[in-house]
Amino acid sequence: PDFSGDESEALIRQIERHEEVIARAGYRSHPIIALGINWLKQNAPEIDELCVVHGDYRVGNFISKDGRIRAVIDWELSHLGDPHEDLAFILSPAWRSADEGLVSHLMTEGEFLQQYQELSGRVVDPHKLMYFGAVIILRGLDIMCSSAKNFSKGQSSDLRDGIHAMTVESLLEVLLLVLSMLTMSQDGGAV
């Protein structure tokens, strides 16, 4: 991988990779996807600190012993990027307990962010956190659209791929909501 150059350009390349996968699956022309990809490219934040982003960091992807994390596993989505991306992933509703909304079934979002800031020495930027939440949704659409295409074309008989096809519309609604909130927090306007 090329580790040189503008870090924000690396983020644009990541969005473009998701865009290519979504286009191959036949969904690029969907108005919400087009809006989301264009908005994310045009409004990419400056990356102040480049770090290794795990891409799938959550309970289930680390091994612990005696109350301490001993190993982190599942590195296939790792890349260089902004630390807010891993935070946005672990804070997404997919990794919260259904009954209490606890982050990774462990603690509230407020507790999680407070401990993260105290232990890492980093300050969490709410706008960047929401922006990377939209990037995470786009990545989810990348996966779901590909699965939907494979299932609909008979290239996969895995029923999970059929379920992914049904998930696309829900993710599109969430993406539109997040983009609306981002735009309002940015300049008080509408998407």
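Are Tyr131 and Phe132 buried or exposed? Both Tyr131 and Phe132 are buried, and the legends below, which describe close-up views of a predicted model, return to this pair after an overview of the chain.

**Figure 1. Overview of the predicted chain, with 6 helices and 4 strands.** Followed along the sequence, the elements are arranged as α-α-β-β-β-β-α-α-α-α. A compact globule of 191 residues would have a radius of gyration near 16 Å, and the chain, with 17 Å, agrees with that expectation. Taken along the principal axes, the box filled by the C-alpha atoms is roughly 50 × 40 × 40 Å. Of the 191 residues, 40% count as buried, while the accessible surface of the chain amounts to about 10800 Å², with 55% of that area belonging to carbon and sulfur atoms. Where contacts between residues at least 6 apart in sequence are considered, 65% of them join residues at least 24 apart. The side chains include 16 positive and 29 negative ones, and the centres of these two sets lie 6 Å apart.

**Figure 2. Aromatic pairing, of which the structure holds 3 instances.** The rings of Tyr57 and Phe62 have centres 6.0 Å apart and planes at 25°, and the pair is therefore stacked, since planes under 30 degrees apart count as stacked. Tyr57 is partly exposed, at a relative accessible area of 26%, and Phe62 is likewise partly exposed, at 23%. For Tyr131 and Phe132, the ring centres are 5.3 Å apart and the planes stand at 80°, so this pair is edge-to-face. Tyr131 and Phe132 are both buried, and ring pairs join them with Trp39 in a cluster.

**Figure 3. Surroundings of Leu182, a residue of helix 6.** Leu182 has a relative accessible area of 0% and is accordingly buried. When residues up to four places away in sequence are not counted, Leu182 touches Trp39, His127, Met130, Tyr131 and Ala134. Two of these residues, Trp39 and Tyr131, also belong to the aromatic cluster that includes Phe132. As a reference for distance, the C-alpha atoms of Leu182 and Ser120 are 25 Å apart in space, with their positions 62 residues apart in sequence.

**Figure 4. His164, which is also found in helix 6, a helix spanning residues 159-187.** His164 counts as partly exposed, with a relative accessibility of 22%, and this value can be set beside the 0% given for Leu182. Leaving aside neighbours within four places in sequence, the contacts of His164 are with Met144 and Ser147. His164 and Tyr131 are 33 residues apart along the chain, and their C-alpha atoms are separated by 23 Å.

**Figure 5. Gly36 within helix 2, which covers residues 31-42.** Gly36 is buried, its relative accessible area being 0%. Outside the neighbours within four places in sequence, Gly36 is in contact with Leu175 and Leu179. Gly36 and Leu176 are 140 residues apart in sequence, yet their C-alpha atoms are 7.4 Å apart in space.

**Figure 6. Asp66 and its positive phi in the loop between strand 2 and strand 3.** The loop that holds Asp66 lies between strand 2, made of residues 62-65, and strand 3, made of residues 68-72. Although Asp66 is not a glycine, its phi is positive, at about 55°. With a relative accessibility of 67%, Asp66 counts as exposed.

**Figure 7. Ser104 and its positive phi in the loop between helix 3 and helix 4.** The flanking helices are helix 3, covering residues 83-91, and helix 4, covering residues 109-120. Phi of Ser104 is near 50°, which is a positive value in a residue other than glycine. Ser104 counts as buried, with a relative accessibility of 4%, whereas Asp66 in the preceding figure counts as exposed.

Notes. Residues are numbered from 1 along each chain as its sequence is written. This is a predicted model: local features need pLDDT of at least 70, side-chain atom pairs count only at pLDDT 80 or more; totals for chains, interfaces and linings use all residues. Side-chain values use heavy atoms; hydrogens and water are left out. Rings of Phe, Tyr and Trp (its six-membered ring) pair if their centres lie within 6.5 Å; planes under 30 degrees apart count as stacked, over 60 as edge-to-face and the rest as tilted. Buried means under 20% relative accessible area, exposed over 50%, partly exposed in between (1.4 Å probe, protein chains only). Helices (H or I, at least four residues) and strands (E, at least two) are DSSP runs, numbered from the N terminus. The radius of gyration is taken over C-alpha atoms; the globule rule is 2.2 Å times the number of residues to the power 0.38. Contact means heavy atoms within 4.5 Å. Accessible areas come from the Shrake-Rupley method with a 1.4 Å probe; for residues, only the protein chains shown count as cover. Lys and Arg count as positive and Asp and Glu as negative; His and the chain ends are not counted. The place of a charge is taken as NZ of Lys, CZ of Arg, CG of Asp or CD of Glu.
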